[in-house]
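Trainee: Please choose a single part of this model and take me through it closely, and then tell me how that part sits in the chain as a whole.

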Amino acid sequence: MDRRNNIVVDGRFVLHSRIGHGAIGDVYRARDRDSARWVAVKVLRAVHERNPKYQRMILTEAEILERVEHRNVVGFVGRGVHGRLPYVAMELLGGGSLHEALQRLPRRRLDVLGAVALLAMTCHGVQAVHDAGFAHCDLKARNVLLDGRGRAAVGDFGLAMRTGPTGFLATALVGGTADYMAPEVIGRATDIVAATVDVYALGILAFAMLTGRRPFTGNCAEDLFSQHVGRPVPLASSVRRGLCAQLDGAVASAMNKDPDRRPASPRAFADALSFAIATPPRDLGMRVDAVARDRGKRAAEDLDSP
Ligand SMILES: Nc1ncnc2c1ncn2[C@@H]1O[C@H](COP(=O)(O)OP(=O)(O)O)[C@@H](O)[C@H]1O
Ligand SMILES: [Mg+2]
């Protein structure tokens with residue numbers, strides 16, 4: 001199903017043009033006949049028609065989109081099977097991906113307040129996914145979508161996994177993208193990992209949005225893996241001068257090599273970022289919240305002891 005303009009999926013969605021082409025499926029801009037609105041429809045690629053792994057991936061994605069209702073998670077419109085190909089229809093985010101948006105900026109980075117606002121939204125979206133019993137496992141700038149009016153929504157649940165009653169994931173099954181992959185997944189020293197693999201990826205994303213580059217770069221996945229596992233993470237302020245120590249600390253703490261020393265949840269990371277940029281009302285003689293400041297400082301000190 002590579003070029004299917006004007007094909008009608010399930011008698012409801014009229015495919016218009018392809019807007020995404022990925023490993024699992026193609027994403028089309030489509031017209032929903034029921035609502036007369038534009039939507040996005042992701043259809044399993046025909047080459048995967050008989051591949052149970054890919055079938056399962058798109059079905060899990062559809063299930064998550066259907067279950068998680070949150071303004072920072074891509075909205076669900078419908079799901080079903082077209083011919084033999086499962087599809088999921090979702091809200092169309094008109095602003096494209098965060099990756100594309102960053103590429104358009106001259107220094108590929110956002111102003112601090114804008115970055116923190118978008119990160120907080122992303123964190124809240126991921127929190128809703130965690131609360132529903134899933135971990136995303138592939139958070140990155142390409143999988144955060146923008147509505148063009150200031151809202152970010154998390155999408156692409158192709159690699160998402162159920163955390164189950166224990167709250168943990170089977171390490172061997174966790175996938176992801178090398179640039180964003182947590183050290184405990186790479187090392188596979190334990191059989192299970194926590195959903196804070198997503199917090200690590202959010203830390204990488206935060207670093208990239210604030211500085212215009214990712215903390216680790218390399219020519220191949222192995223090169224990146226060894227840095228995630230063994231190389232101390234740089235401070236964001238070493239790339240972008242003038243970032244405050246609290247923000248440095250918050251971003252670095254999310255990328256701590258030890259999952260137990262990261263913010264415990266995406267929500268906690270959003271809080272740490274918000275505290276870091278909080279400006280107290282000086283008119284009232286107030287100072288920066290001491291607890292927040294200490295948390296930032298402690299996180300920065302943690303960098304010295306990987
Ligand atoms: N709901 C959506 N609204 C707008 N664009 C989307 C939407 N879903 C996906 N896209 C576009 O399609 C691309 C690929 O979709 P994604 O869900 O990330 O699948 P994959 O990475 O598996 O191909 C995204 O990066 C984005 O540009
Ligand atoms: Mg994607």
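**The open sheet and its surroundings**

Mentor: Six strands, in the order E1-E2-E3-E4-E6-E5, make up an open sheet whose pairing is antiparallel. Its edges are strand E1 (8–9) and E5, each of which pairs on one side only. Strands here are DSSP runs of E with at least two residues, helices are runs of H or I with at least four, and both are numbered from the N terminus; two strands pair if DSSP finds at least two bridges between them. This is a predicted model, in which local features need a pLDDT of at least 70 and side-chain atom pairs count only at pLDDT 80 or more, while totals for chains, interfaces and linings use all residues. Residues are numbered from 1 along each chain as its sequence is written, and chains are lettered from A and ligands numbered from 1 in the order in which they are written.

Within the sheet, strand E2 (residues 13–21) is joined to E3 in the antiparallel sense by 7 bridges, with Phe13 standing opposite Asp32 in E3, and 3 residues lie between the two strands of this hairpin. E3 and E4 also form a hairpin, with 4 residues between the strands. In the loop between E3 and E4 lies Ala36, which has a positive phi of about 60° although it is not a glycine. Most residues other than glycine have a negative phi. Ala36 counts as exposed because 7 C-beta neighbours lie inside 10 Å (a residue is exposed with 12 or fewer other C-beta atoms within 10 Å of its own, buried with 20 or more, and partly exposed in between, the C-beta atoms being placed from the backbone).

At the other end of the order, strand E5 (residues 76–82) and strand E6 (residues 85–91) pair antiparallel over 6 bridges, and Phe76 has Met90 in E6 as its bridge partner. They too form a hairpin, with 2 residues between them, and Gly83 in the turn has a positive phi of about 65°.

Returning to the pair E3 (residues 25–32) and E4 (residues 37–44), 8 bridges join these antiparallel strands, and the partner of Arg31 in E4 is Trp38. Helix H1 (residues 52–67) packs on the sheet and touches E3, E4, E5 and E6, and its direction makes about 30° with that of E6. Contact means that the C-beta atoms of two residues, placed from the backbone, lie within 7 Å; axes are lines fitted to C-alpha atoms, for helices over the stretch in contact, and angles run from 0 to 180 degrees between N-to-C directions.

As for the whole chain, there are 10 helices and 12 strands, and 44% of the 306 residues count as buried. The largest nonpolar core (buried Ala, Val, Leu, Ile, Met, Phe, Trp, Tyr and Cys residues joined through C-beta atoms within 7 Å) has 89 residues, and those with the most contacts inside it are Val41, Val197, Leu202 and Leu205. Helix H5 (residues 197–211) gives the largest share of this core, 12 residues. The core draws at least three residues from each of domain 1 (7–91) and domain 2 (98–304), the bounds coming from an automatic or database domain assignment.

On confidence, the mean pLDDT (the predictor's confidence in each residue, from 0 to 100) of the protein chain is 91, and 89% of its residues reach 70 or more. Over residues 302–306 the pLDDT is below 50, and this stretch has 8 contacts in the model beyond near neighbours in sequence.
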